[in-house]
Amino acid sequence: MDLLHSPMHDRHVALGAKLAEFGGWEMPLEYAGGGVLAEHAAVRDAVGLFDVSHLGKALVRGTGAAAFVNTCFTNDLGKISPGQAQYTLCCDDDGGTVDDLIQYLRSDFEVFLIPNAANTAAVVAKLRAAAPEGIEVADLHRDYAVLAIQGPLSDEVLQSLGLPVDHSYMSFADGQIAGREVTVCRTGYTGERGYELVVTSGDAVEVWDAVVVAGEPFGLRPCGLGARDTLRTEMGYPLHGHDLSSEISPVMGRSGWAVGWSKPAFWGKAALEQQKAEKTVRTLRGLVAEGRGIPRPGMVVTDGNGNELGEITSGTFSPTLRQGIALALLDPGVAHGATVTVDVRGRQEHFTVTKPPFVQPSTTES
């Protein structure tokens with residue numbers, strides 16, 4: 001399979017990036033001269049720059065576009081106003097998660113979407129199949145790039161570029177860098193204060209270069225998907241394909257807060273309501289290692305007698321805590337604070353059941 005390349009591909013190569021396939025794209029995993037630990041620390045302590053252009057981009061446009069989208073995805077667009085963004089989920093009729101995504105409300109006639117890379121085609125196909133006459137659903141994943149500036153000094157970097165930084169969390173504003181149009185989204189996947197810049201693919205390299213220069217006085221470091229994964233896991237943020245999937249619903253993934261339960265309709269509503277009422281499905285919980293074990297996806301979680309309690313969906317070494325952490329789907333009867341066991345490479349390691357986030361970020365978003 002031919003992998004897609006970000007517009008910044010040559011910049012990544014020049015920086016000595018270790019490249020890896022992700023969602024059909026070849027993207028930087030980490031950069032030379034630092035690696036995951038240094039990049040993770042840069043975001044927690046100063047500021048990091050991510051190329052996340054592999055993320056999907058789609059546009060729903062036409063009379064009644066926002067009202068239509070609100071009948072499809074779980075969250076309630078009626079709770080936000082134009083200029084704001086919202087985390088939401090796209091589900092199948094059985095409640096399985098097709099994708100989790102951000103919806104940006106530009107107006108009643110236009111909703112911009114950023115789904116996950118591998119799921120863009122599926123989300124667009126479902127929307128197109130359901131869209132009434134007069135509503136267009138466009139797949140724009142090759143037309144735009146996305147750069148994420150994350151960390152406690154992200155404001156300083158954007159201010160030096162003349163970009164807006166005074167808008168609230170989960171909102172967006174338009175700006176310019178060297179005459180290039182940029183949408184500045186107060187969103188992110190690290191837990192730290194941060195922004196995502198949406199630019200046309202043709203302008204992406206110039207914007208990347210400008211951010212790198214502006215960020216140098218603030219200790220900005222380019223960061224790859226390796227640090228992105230450790231940062232999001234420390235916050236307990238789900239990754240589709242691991243913690244949410246066609247087999248893991250929003251109720252199971254503890255994303256029910258992003259469901260507009262009072263809405264009259266959305267895809268998968270009946271199934272999700274049943275799961276919520278019955279409370280019998282496994283749900284996503286946090287695990288913190290009591291020893292030196294580093295958990296990995298697919299490892300089985302058991303009690304002291306060897307009885308299966310669930311399975312790890314995401315697991316890593318936490319650079320902040322200096323110990324193993326995980327998200328796991330566990331039986332509903334497993335108590336908070338309980339000690340469970342995971343076979344880590346032949347060793348029976350003990351973990352404490354907890355509620356994420358595992359780490360309090362330097363600059364809490366709200």
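**Group meeting: sheets, helices and cores in a predicted model**

I'll start at the N-terminal end, where strand β1, residues 4-5, pairs with strand β3, residues 25-30, in the parallel sense over two bridges. Before going on, the ground rules. This is a predicted model, in which local features need pLDDT of at least 70 and side-chain atom pairs count only at pLDDT 80 or more, while totals for chains, interfaces and linings use all residues. Residues are numbered from 1 along each chain as its sequence is written, and side-chain values use heavy atoms, with hydrogens and water left out.

Two terms are needed already. Helices (H or I, at least four residues) and strands (E, at least two) are DSSP runs, numbered from the N terminus. Two strands pair if DSSP finds at least two bridges between them.

Back to β3. His5 has Glu26 of β3 as its bridge partner. On the antiparallel side, strand β2, residues 18-22, pairs with β3 over five bridges, and there Glu21 has Glu26 as its bridge partner. β2 and β3 make a hairpin with two residues between them, and Gly23 in the turn has a positive phi of about 60°.

Glu30 also belongs to β3. Is Glu30 buried or exposed? Its relative accessibility is 25%, so Glu30 counts as partly exposed; buried means under 20% relative accessible area, exposed over 50%, and partly exposed in between, with a 1.4 Å probe and protein chains only. Contact here means heavy atoms within 4.5 Å. Leaving out residues up to four places away in sequence, Glu30 touches Gly16, Ala17, Lys18, Gly35, Val36, Glu39 and Gly224. The C-alpha atoms of Glu30 and Gln150 are separated by 16 Å, with the two positions 120 residues apart along the chain.

Now the sheets. As background, strands of a sheet pair through backbone hydrogen bonds, either parallel or antiparallel. One open sheet has six strands in the order β11-β12-β13-β10-β4-β14, with mixed pairing. Its edges are β11 (172-177) and β14 (221-223), each with a single partner strand, so one side of each has no neighbour in the sheet. From one strand to the next the twist averages 30°. For twist and crossing angles, axes are lines fitted to C-alpha atoms, for helices over the stretch in contact, and angles run from 0 to 180 degrees between N-to-C directions. β11 and β12 run antiparallel and are joined by six bridges, with Gln176 opposite Glu181 in β12. Helix α2, residues 35-45, lies across β4 (48-51), β10 and β14, at about 115° to β14.

The other sheet to show is also open: five strands, ordered β6-β7-β8-β5-β9, with antiparallel pairing. β6 and β9 (136-139) are the edge strands, each pairing on one side only. Here the twist averages 25° from one strand to the next. Strand β5, residues 58-61, is joined to β9 by four antiparallel bridges, and Arg61 has Glu136 of β9 as bridge partner. Helix α4, residues 120-130, lies across β5, β6, β7, β8 and β9, running at about 165° to β9.

Next, the cores. A nonpolar core is a set of buried Ala, Val, Leu, Ile, Met, Phe, Trp, Tyr and Cys residues joined through side-chain atoms within 4.5 Å. The largest has 30 residues, and Phe50, Tyr104, Phe112 and Ile114 have the most contacts inside it. Two or more residues come from each of β6 (84-91), β7 (97-107), β8 (110-114), β10 (144-150) and α7 (225-235). Which element gives the largest share? That is β6, with four residues. A second, separate core of 26 residues includes Met8, Leu163, Ile177 and Ala210.

Ala210 is among the buried residues of helix α6, as are Val207, Trp208 and Val211. Seen down the axis, the buried residues of α6 fall within an arc of 165°, so they line one face of the helix; the arc is that of the directions from the helix axis to the C-beta atoms.

Last, Thr187, in the loop between β12 (180-185) and β13 (194-200). At 3% relative accessibility, Thr187 counts as buried. Setting aside residues up to four places away in sequence, its contacts are Ala85, Tyr104, Gln150, Met170, Gly194, Tyr195 and Glu196. Tyr104, counted in the same way, touches Thr187 and Glu196 among others, including Ala85 and Phe112.
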